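This briefing is meant for a reader who is meeting the structure below without any earlier acquaintance with it. Please look through the sequence and the model, and then follow the topics in order.

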Amino acid sequence: MYHSVGDCSDDPYRVTVSPGRLDRQLDRLRRSGLRGVSVADLLAARARGDASGLVGLTFDDGYADFLAEALPVLRRHGFGATVFVLPGRLGGDNAWDPLGPRKPLLDADGVRRAAACDGVEVASHGLTHLDLTVADDATLGAEVGGSRVLLSGLTGREVTGFCYPYGAVDRRVARAVRAAGYAYACAVDPGPLSGAFALPRVHIGEKDTAWRLLAKRGLHRLRRRALREDPVAPREATTLQEGTASPEDLASQEGTALPKGPTR
């Protein structure tokens, strides 16, 4: 789980990674025999039984520096990624963060350019970056379903992924995302709703060296837990059988760390 890629000198929320650090982190993955891909490509590969060696890379909030700073590094390593954008704030900034610098967000043209890149998935982060767990039903519908319609029209492609702002999700919100037609949704830490509509992720920051990445991977193995059923599916849905890989495994080859971190 990445956010912004750029200058880290003023970063109170720890959401920024420098281009050089990102390059070293991705180089570490590549040298370990792993390849970064979008979440949609990761899930499709897993459905085919062909996800070994793949790691889902995500960039939240849709910062403009995704095109300027992150994408060149991704291309250098032959990696793909998912960028979660806010169609209600196109060309705006991170006004939801009261501290730290204003960071510009992708505008409509930037979103289209990202969607046109091989291996890049453009997915929804809601309309305006609200905590959906406290939103009324009308607002929830607009933030979830409305953002999908807008992004699909903007990119000319079906939008299948969603990411909960602040990582905030409850059963009502997860079911709204499912009902809106998304195929998956990303959360942050593992919890009672962990599954296809609350995929846990690991926060990666500027201080994450190769050794820290290794430690986080080990920590994930301690925190993972198997799920017996999809917690947001209808009651009649088929349950996962014992021995089935847990949804945490969707995040990487053998699992990656899921430590506490920023949930912006």
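In this predicted model, the count of disulfides comes to zero. A disulfide is a covalent bond between the sulfur atoms of two cysteines, and the bullet points on cysteines below set out why no such bond is counted between Cys163 and Cys186. The remaining points deal with the chain as a whole, with one helix, with several loop residues and with the aromatic rings.

**Cysteines**

- The sulfur of Cys163 has its closest cysteine sulfur in Cys186, at 5.8 Å, which is too far for a bond, because a disulfide is counted when the two sulfur atoms are within 2.5 Å.
- Seen from the other side, the cysteine sulfur closest to that of Cys186 belongs to Cys163, again at 5.8 Å and too far for a bond.
- Both of these cysteines lie inside the protein by the measure of accessibility: Cys163 counts as buried at 0% relative accessibility, and Cys186 counts as buried at 2%.

**The chain as a whole**

- The protein chain is built with seven helices and nine strands, and of its 264 residues 51% are buried.
- When contacts between residues at least 6 apart in sequence are considered, 67% of them join residues that are at least 24 apart.
- The area that the protein chain exposes is about 11,700 Å², and carbon and sulfur atoms supply 51% of this area.

**Helix α6**

- Which residues of helix α6, which spans residues 171–179, are buried? They are Val173, Ala174 and Val177, and because they cover an arc of only 100° around the axis, they are on the same side of α6.
- An α-helix has 3.6 residues a turn, so residues three or four places apart point the same way.
- The partners against which the buried residues of α6 pack are helix α5 (137–155) together with the strands β8 (161–163) and β9 (184–186).
- At the start of α6, the backbone nitrogen of Arg172 has a side-chain oxygen of Asp170 within 3.3 Å, while just after the helix Gly181 takes a positive phi of about 105°.

**Ser38, between β3 and α2**

- Ser38 belongs to the loop that lies between β3 (35–37) and α2 (39–48).
- With a relative accessible area of 2%, Ser38 is buried, because buried means a value under 20%.
- Once neighbours within four places in sequence are left aside, the residues in contact with Ser38 are Gly80, Ala81, Thr82, Gly119 and Glu121.

**Leu127 and His129, between β7 and α5**

- Leu127 is placed in the loop between β7 (120–124) and α5, and His129 has its place in the loop between β7 and α5 as well.
- Is Leu127 buried or exposed? Leu127 is buried, with a relative accessible area of 15%.
- Although 41 residues separate Leu127 from Leu86 in sequence, their C-alpha atoms are 4.9 Å apart in space.
- Not counting residues up to four places away in sequence, Leu127 touches Leu86, Pro87, Gly88 and Arg89, and also Ala142, Glu143, Ser147 and Leu150.
- His129 counts as buried at 2% relative accessibility, and its phi is near 70°, a positive value in a residue other than glycine.

**Arg14, between β1 and β2**

- Arg14 is another residue other than glycine with a positive phi, here near 55°, and its place is in the loop between β1 (4–5) and β2 (16–17).

**Aromatic rings**

- A pair of aromatic rings is described by the distance of the centres and the angle of the planes.
- How many aromatic pairs does a search of the whole structure find? The search finds four, and one of them is the edge-to-face pair of Phe59 and Phe66, with 5.3 Å from centre to centre and 65° between the planes.
- Phe59 and Phe66 are both buried, and together with Tyr2 they form one aromatic cluster.
- Phe162 and Tyr164 also form an edge-to-face aromatic pair, in which the centres are 5.5 Å apart and the planes are at 70° to each other; Phe162 is buried, as is Tyr164.

Conventions. Residues numbered from 1 in each chain as written. Predicted model: local features only at pLDDT ≥ 70, side-chain atom pairs only at ≥ 80, totals over all residues. Heavy atoms only, no water. Helix = DSSP H or I, 4+ residues; strand = E, 2+ residues; numbered from the N terminus. Buried < 20%, exposed > 50% of the residue type's maximum accessible area, 1.4 Å probe, protein only. Contact = heavy atoms within 4.5 Å. Arc of directions from axis to C-beta. Polar contact = N/O pair within 3.5 Å; in protein donor to acceptor, adjacent residues only side chain to side chain. Areas by Shrake-Rupley, 256 points an atom, 1.4 Å probe, with all protein chains shown as cover. Phe/Tyr/Trp six-rings, centres within 6.5 Å; stacked < 30°, edge-to-face > 60°.
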